[in-house]
Amino acid sequence: MADPFTRLARRVAMALGLGRQSSDTDEAANTPTLQVTLPGGEVRSDVPLLQHYGFHSRPVPGSDVLTVFMAGDRTRGVAVATGDQRGRITDLKPGEVCVYHPRTGSKILLAENGDIEIVPASGVLKVTAELQVDGPIKATGDIVAGEVSLQNHLTSEVQSGQGTSGKPVSG
């Protein structure tokens with residue numbers, strides 16, 4: 001039988017495990033779970049995935065997973081961090097923060113100079129709320145409201161001279 005210090009050292013050594021996610025995340029439970037393959041072929045299933053409050057992601061098989069095992073008990077693991085080296089951003093400057101989608105390249109960048117850059121891979125940014133802007137809006141392309149173009153719209157009831165025209169009409 002091992003002495004108490006040897007047992008304690010073993011429990012400490014077994015408290016952390018860096019492995020790979022080996023199946024899709026199960027989102028059905030209150031807390032998502034995943035399957036982790038650890039070094040030596042050790043497989044742990046139904047490992048709860050804890051994430052930061054207000055943030056949620058669904059890691060994919062092949063992602064790195066840091067698992068904490070309570071008191072070194074390998075049957076009581078909790079995944080506390082995930083990452084995927086296959087699609088990570090590699091051009092951040094010191095101090096920059098980025099939320100990104102590894103497969104598509106979409107990103108929200110908080111730049112070192114204070115700018116916020118939103119880059120959707122599809123080229124479409126959707127806002128499903130009233131948009132209030134306090135400051136000028138600059139556009140390099142046309143702005144269309146309904147079917148009325150800001151650059152190419154027609155107007156109704158046009159009067160010559162100092163008169164006014166009616167409302168814009170779709171072109």
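Is Ser63 buried or exposed at 3% relative accessibility? Ser63 counts as buried. The legends below describe close-up views of a predicted model.

**Figure 1. Ser63 in the loop between β3 and β4.**
The loop that joins β3 to β4 holds Ser63. Its relative accessibility of 3% is under the 20% cut-off, so Ser63 counts as buried. The side chain of Ser63 reaches back to the main chain, where the backbone oxygen of Val60 is at 2.7 Å.

**Figure 2. Helix α1 and its N-terminal cap.**
Helix α1 spans residues 4-13. Asp3 caps the N-terminal end of the helix. In this cap, a side-chain oxygen of Asp3 is placed 2.9 Å from the backbone nitrogen of Phe5. The helix is hardly covered: of its ten residues, the number that are buried is zero.

**Figure 3. The open sheet of five strands.**
The strand order is β3-β2-β1-β4-β5, and the pairing is antiparallel. β3 (43-48) and β5 form the edges, each pairing on one side only. From one strand to the next, the twist averages 40°. In a regular strand, side chains point alternately to one face of the sheet and the other.

**Figure 4. Strand pairs within the five-stranded sheet.**
β1 (residues 16-21) pairs with β2 (residues 33-37) through two bridges, and the two strands run antiparallel. Arg20 is found opposite Thr37 of β2. Between β1 and β4 (residues 64-69) there are five bridges, again in the antiparallel sense. Here Gly17 faces Thr67 in β4. β4 is also joined to β5, by six bridges and with antiparallel direction. Val68 has Val78 in β5 as its bridge partner.

**Figure 5. Two residues with positive phi, Asp46 and Ala71.**
Most residues other than glycine have a negative phi. Asp46 is not a glycine, yet its phi is positive, at about 55°. This residue belongs to strand β3, which is an edge strand of the five-stranded sheet. Asp46 has a relative accessible area of 58%, over the 50% cut-off, and therefore counts as exposed. Ala71 likewise is not a glycine and has a positive phi of about 55°. Ala71 sits in the loop between β4 and β5. With 48% relative accessibility, a value between the cut-offs of 20% and 50%, Ala71 counts as partly exposed.

**Figure 6. The open sheet of three strands.**
What is the order of the strands in this sheet? The order is β6-β7-β8, with antiparallel pairing. β6 and β8 (116-119) are the edge strands, and each has a pairing on one side only. On average, neighbouring strands are turned by 10° against each other, with direction ignored. Four bridges connect β7 (residues 107-110) with β8, in the antiparallel sense. In this pair, Leu110 is opposite Ile116 of β8.

**Figure 7. The largest pocket and its lining.**
The space in this pocket is about 910 Å³. Its lining consists of 24 residues. Which of them lie nearest the centre of the pocket? Ser57, Thr82, Gly83, Tyr100 and Pro102 do. Both β5 (77-83) and β6 (97-100) supply at least two residues each to the lining. β5 gives the most, with four residues. β5 is an edge strand of the five-stranded sheet, and β6 is an edge strand of the three-stranded sheet. Sorted by class, the lining has eleven nonpolar residues, nine polar residues and four charged residues.

**Figure 8. The second largest pocket.**
This pocket has a volume of about 190 Å³. Which residues line the second largest pocket? The lining is made up of Leu125, Val127, Ala129 and Leu131. By class, these are four nonpolar residues, with no polar and no charged residue.

Notes:
Residues numbered from 1 in each chain as written. Predicted model: local features only at pLDDT ≥ 70, side-chain atom pairs only at ≥ 80, totals over all residues. Heavy atoms only, no water. Buried < 20%, exposed > 50% of the residue type's maximum accessible area, 1.4 Å probe, protein only. Polar contact = N/O pair within 3.5 Å; in protein donor to acceptor, adjacent residues only side chain to side chain. 1 Å grid on protein atoms, 1.4 Å probe; cavity = no way out; pocket = protein on both sides within 12 Å on 5 of 7 lines; lining within 4 Å. Points joined across faces, edges and corners; volume = space filled by probe spheres on them. Nonpolar A, V, L, I, M, F, W, Y, C, P; charged D, E, K, R; others polar. Pairing = 2+ DSSP bridges. Axes fitted to C-alpha atoms, helices over the stretch in contact; angles between N-to-C directions.
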